[in-house]
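Here are a few short exercises to work through with the coordinates open. Try each task before you read its solution.

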Amino acid sequence: MRLLMVEDEHDIQAFLLRALSDAGYGVDVAPDGKTAETLAANNKYDILIVDLGLPDQDGITLITHLRQTGVNAPVLILSARRSVDDRVRGLEQGGDDYLTKPFALAELLARLRNLLKRNAPPASELTRVRVQDLELDLLRREASRSGQPLQLTPQEFVLLEYLCRNAGRVVTRSMILHKVWGMRIQPDTNVVDVHIYRLRGKVDGNGQTPLIRTLRGVGYVLQDR
Amino acid sequence: MSSRTGKPPVRSAAWRISLWATLAFMCGTIIVFIFLDRFVANDIQRRSDAWLSGEVEVLGDVAERTPNDALYNRVVGEVAELASREVPNKGATPESENDSVFFIQTDKQGALKLWVGTGDGPAHLEAIKAHALAGSGPVSIRVRGFGTPFRVASDSMGDGGRVYLGLSERDQRRVLLNMRVRFFALWLSLVLLGFAIVFFTSRRTLSHVRNITDAASHIGESDLKTRVPISSRNDEISQLGYTLNRMLDRIENSVHQLHTITDSLAHDLRSPLTAIRGKLETSLALRDPDHAESIVSAIEELDRLTDFLNKSLDVAEAKADALRLNPSTIDLDALLRSIIDLYEPSMNERGIRIRLHSATPVYIVADEGLIHRMVANLFDNELKHLPSGCSVDIYLQERDGEARLTLSDNGPGFDPEVREQLFTKAVKGRRSNGHGLGLAFVDAVVRAHAGKVNADNMDAGGASITLSLPLAASESQRMHTTHAG
């Protein structure tokens, strides 16, 4: 996967480069819009990360310009601005995504994966998800572990489904809030943790191997091996 | 918005203006008419008096010259009869001609000699004598049996007798009455027409003012780009529009400045925060167990700092009425249910019960993200401050065109020391461990949506917070507004 990162802050460039390389992306870095245009003209990228505040031009202008020159790869917009611009909203509707700074790396990676998946040919809709000995029937909304049915509330099922679909990858609290409850909020209480504890009590109870792991300061991961 | 539909015309300024203008017009015209009426009445009187004086002289002359024979009465009577046909202001009814004029001739002793007219001659003479008629001009005399008085002129004859000619004032009065009735009808229609004209012109003029008011009330906390409509005429009202628009230009400019400042502040703080967080996360990935704990708590502190920064800037912008909104129609009932769903396990964990009292969807137009964060803030507050065993009751209802959301608990209530300044920035009670922006943020968001917040301790104990937000206009109202705009 080739990725073009357009970001002028050196410190952010450095850690993103490392994290993205670790995640398996081949990353080119452009510190300004001009370089980005040259790089995009000469290479084919699968995905772009564009910061809105570039030294030579506005990020949105760059994206619009790249689109006009035939660059169709999805874009993840990074923004340190206060509010989400209408034009960003427009791009979001056009299949791109945005993330406000500061962000958790896990969330950045998850959003990149989502963008790539969105642009890939649609896979046939899953009706069952299986992670190790945990099984979810998405049509009947039923879950079982080692053949034993789990008594889950509808909300717990949605949460577990989200964890299963991201099995093996870190999901942050704000990702859970956004995807499971549809809210972009930052509660200063442990509301998400309590949901996870309850779910864990049902999924990992009875002395089975723990599946749901907490990564403190980062989020949660459902172990897939 | 409701000013257009809800207000009866009786309460409008146009109504008052037309009422006072009409009143002034009525008084003026009445005074003019009283003068006119006096003038006309005097003129009619003068003309009939002139006729009476002339005629009585002629009749006296005739009575004197006619030979005093058997035909005397007939001749004088006929002359008097003839004279009565030339009565001024005579009414249209022919049968009345007989009783509107009388002629009396007396002899030297004042006894009745000749009587021409309707009714009782001696009665008339008696009435005249009772009046002690002087020689000069005609006077008004009231005779028993007649509704209207007579105007009587007299003349003396050579033989010491007198002639009297009386003319009923009835016809004169009828002319005046006619005039008054016509005037009244004309006056009434003029007054009504004047009222209508004043009412409609002032209403039309004031409707421009109302359009400006309507437009200006919509240019509120979030929408500063719109301007009030300006009528094509260069009058006082379009001047008002220009002035308002210039003022809006200045406000928009200051708000824009504020946005630029908060944006660059946010940018300058968030970029290093992003870099620090990224570096910490990268180090965490190294799985160095010695430092993991401190890195994790550093990341958590950093997230709190970010949240504080966001809320501070939101509160700062909201205090300046400059919060940027992306409004959409949202159902508060559904929103509350999903937030309760999120918070209920944590509440139960701490032994707090939560109940929602809401039966129907309640739609408001608001920025969904901000409302989510605001309600989450209220719940966080309850979660942090309520002791175990308490309960929170949430009431949602529509009242007076507002969505009213009340959170009441049976906990210890607000600290008396901070109660007065609950919504000011960074106030917190001694036992609180938050950064104290919670309720200031709630207030800021509600105000940005043209709503109100009330918070107090209840008499029965416990705290209660009530938010009122304007309801979303129903479909028909929205169409009405669009037409009006």
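**Exercise 1: the contact between the chains**

Task: Find how many residues each chain brings to the contact, and which elements of chain A take part.

Solution: Start with the totals for this predicted model: 35 residues of chain A and 39 residues of chain B make up the contact. Next, look at the side of chain A that touches chain B: α1 (10–22) and α8 (191–203) of chain A are the elements that give two or more residues. Of these, α1(A) supplies the largest share, 6 residues. Finally, sort that side of chain A by residue class, which gives 16 nonpolar, 9 polar and 10 charged.

**Exercise 2: two helices of chain B**

Task: Work out how helix α2 (residues 13–65) and helix α5 (residues 170–218) of chain B are oriented: roughly parallel or roughly antiparallel?

Solution: Begin with the axes, which come within 9 Å and cross at roughly 160°. Angles over 145 degrees count as roughly antiparallel, so α2(B) and α5(B) are roughly antiparallel to each other. Then add the hand: the crossing of α2(B) and α5(B) is right-handed. The residues of their contact comprise 21 nonpolar, 7 polar and 3 charged.

**Exercise 3: a sheet in chain A**

Task: Determine which strands stand at the edges of the open sheet of 3 strands in chain A.

Solution: Write down the order, β10-β12-β11, with antiparallel pairing. β10 (170–171) and β11 (212–215) each have a single partner strand, so they stand at the edges, with one side of each left without a neighbour in the sheet. Now follow β11(A) to its partner β12 (residues 219–222): the two pair in the antiparallel sense over 4 bridges. Within this region, A:Leu215 is opposite A:Gly219 of β12(A).

Definitions and conventions. Residues numbered from 1 in each chain as written. Chains lettered and ligands numbered in written order. Predicted model: local features only at pLDDT ≥ 70, side-chain atom pairs only at ≥ 80, totals over all residues. Axes fitted to C-alpha atoms, helices over the stretch in contact; angles between N-to-C directions. Parallel < 35°, antiparallel > 145°, perpendicular 65-115°, else oblique. Left-handed = near helix turned anticlockwise from the far one by under 90°. Nonpolar A, V, L, I, M, F, W, Y, C, P; charged D, E, K, R; others polar. Contact = placed C-beta atoms within 7 Å. Pairing = 2+ DSSP bridges.
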